[in-house]
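Grab a viewer and work through a few exercises on the structure below. Try each task yourself before reading its solution.

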Amino acid sequence: MESGFISFFLARHSTGACRATQVVDLFPTVSPEIVVREARLEDCWEVAETHCSSFFPEYSFPLDFVLRVDRLVGMLSGFSIPPGCRRTCLVAVIGGSVGDTFLFGTEDFKIGGFDGKFSLNKGYVTGILTIDTVADFLPRKGPLRQRRTGIAYISNVAVRERFRRKGIAKRLIAKAEAQAKSWGCRAVALHCDLNNPGATKLYKDQGFRCINVPEGANWPQPKTAPNVKFNFMMKLLNTPSTTA
């Protein structure tokens with residue numbers, strides 16, 4: 001039943017106009033000096049800081065420092081993925097040039113989900129997002145519980161508090177969708193905290209639809225506090241995000 005429900009969604013919405021909530025731009029246009037790109041090794045500490053300050057704001061020293069170090073080590077060493085899968089960390093930076101004139105390293109060199117290149121004009125990380133095709137949090141397919149393909153999964157979307165309401169999250173999501181298309185994916189999916197209506201509206205405005213989990217189904221969810229409940233949301237990449 002789990003497999004059929006996802007297939008039904010993909011088949012039903014693969015043609016015609018999307019009936020998702022029409023886009024309402026609640027946020028002012030993002031500053032042109034914001035650049036969204038793949039994270040590099042030089043961004044690691046700021047990525048860890050953005051993650052921890054957004055998801056664990058109640059932590060104070062020394063626990064917040066320990067948590068940042070733990071996240072940093074996890075990002076560098078824990079990004080092992082199954083063969084044939086992809087994972088990338090995206091960052092929104094302010095103060096970095098679009099062209100990145102002075103770059104060192106090669107695109108083929110990666111550590112975890114980070115590009116191995118360095119820039120003399122790296123900028124300051126204001127937001128982060130992770131996208132992958134590992135499908136850990138997607139329902140498995142068929143009686144053999146096979147890993148799903150063709151659906152990219154978005155996670156760890158966070159924007160530093162003083163840079164919120166500037167359209168940065170929208171830019172990150174748009175970049176993630178473009179990345180998923182380049183991987184040959186036909187859809188993107190994510191989990192959104194039910195207690196975060198602002199985030200739910202943001203995703204709906206970008207064309208995501210809430211998927212009802214079939215009764216009795218044991219679909220995987222992000223590993224967070226046990227009392228946190230999520231909306232499972234999906235979007236087809238070849239469908240406009242506004243009503244025709």
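What follows is a set of tasks with solutions on cores, a helix, salt bridges and a surface patch.

This is a predicted model, in which local features need pLDDT of at least 70 and side-chain atom pairs count only at pLDDT 80 or more, while totals for chains, interfaces and linings use all residues. Residues are numbered from 1 along each chain as its sequence is written, and side-chain values use heavy atoms, with hydrogens and water left out.

**Exercise 1. Find which residues of the largest nonpolar core touch the most other members.**

Start with the terms. A nonpolar core is a set of buried Ala, Val, Leu, Ile, Met, Phe, Trp, Tyr and Cys residues joined through side-chain atoms within 4.5 Å. Buried means under 20% relative accessible area, exposed over 50%, and partly exposed in between (1.4 Å probe, protein chains only).

Next, go through the 27 members: Leu129, Ile131, Ile154, Tyr203 and Phe208 touch the most others. Then see where the core comes from. Elements giving two or more residues include strand S1 (34-38), strand S2 (87-94), strand S7 (124-132) and helix H5 (197-205). H4 supplies the largest share, six residues. Helices (H or I, at least four residues) and strands (E, at least two) are DSSP runs, numbered from the N terminus.

Finally, look beyond it: apart from this core lies another one of 11 residues, among them Ala135, Ala189, Ile211 and Met234.

**Exercise 2. Work out which residues of H5 are buried and what covers them.**

First, pick out the buried ones: Ala199, Thr200, Leu202, Tyr203 and Asp205. Second, check the cover, which includes S8, H4, S9 and strand S11 (230-236).

Now zoom in on Tyr203. Ignoring neighbours within four places in sequence, Tyr203 is in contact (heavy atoms within 4.5 Å) with Val157, Ile173, Leu190, Cys192, Phe208 and Met233. Last, step just past the helix end, where Gly207 takes a positive phi of about 100 degrees.

**Exercise 3. Take three of the salt bridges and sort their partners into buried or partly exposed.**

The rule is a side-chain nitrogen of Lys or Arg within 4 Å of a carboxyl oxygen of Asp or Glu. By that rule there are seven salt bridges.

1. Asp43 and Arg37 pair up at 2.8 Å, N to O. Asp43 is buried at 0% relative accessible area, and Arg37 also counts as buried, at 8%.
2. Arg147 pairs with Asp136, with the closest N and O atoms 3.2 Å apart. Both sit in the loop between S7 and S8, so the bridge ties together parts 11 residues apart in sequence. Arg147 is partly exposed at 28%, and Asp136 is partly exposed at 40%.
3. Asp205 pairs with Lys201, with 3.6 Å between the closest N and O atoms. They are four residues apart in helix H5, so about one helical turn separates them. Asp205 is buried at 3%, whereas Lys201 is partly exposed at 32%.

**Exercise 4. Which element gives the most to the nonpolar surface patch?**

List the members first: Trp45, Phe61, Phe65, Val66, Val69 and Val73, with about 580 Å² of accessible area together. To qualify, residues need over 30% relative accessible area and no salt bridge; like charges are joined within 9 Å, nonpolar side chains (Val, Leu, Ile, Met, Phe, Trp, Tyr) within 5 Å.

Then count by element: helix H3 (residues 63-77) leads with four residues. As a check, take Phe65, which lies in helix H3 and is partly exposed at 43%.

Methods
Accessible areas come from the Shrake-Rupley method with a 1.4 Å probe; for residues, only the protein chains shown count as cover.
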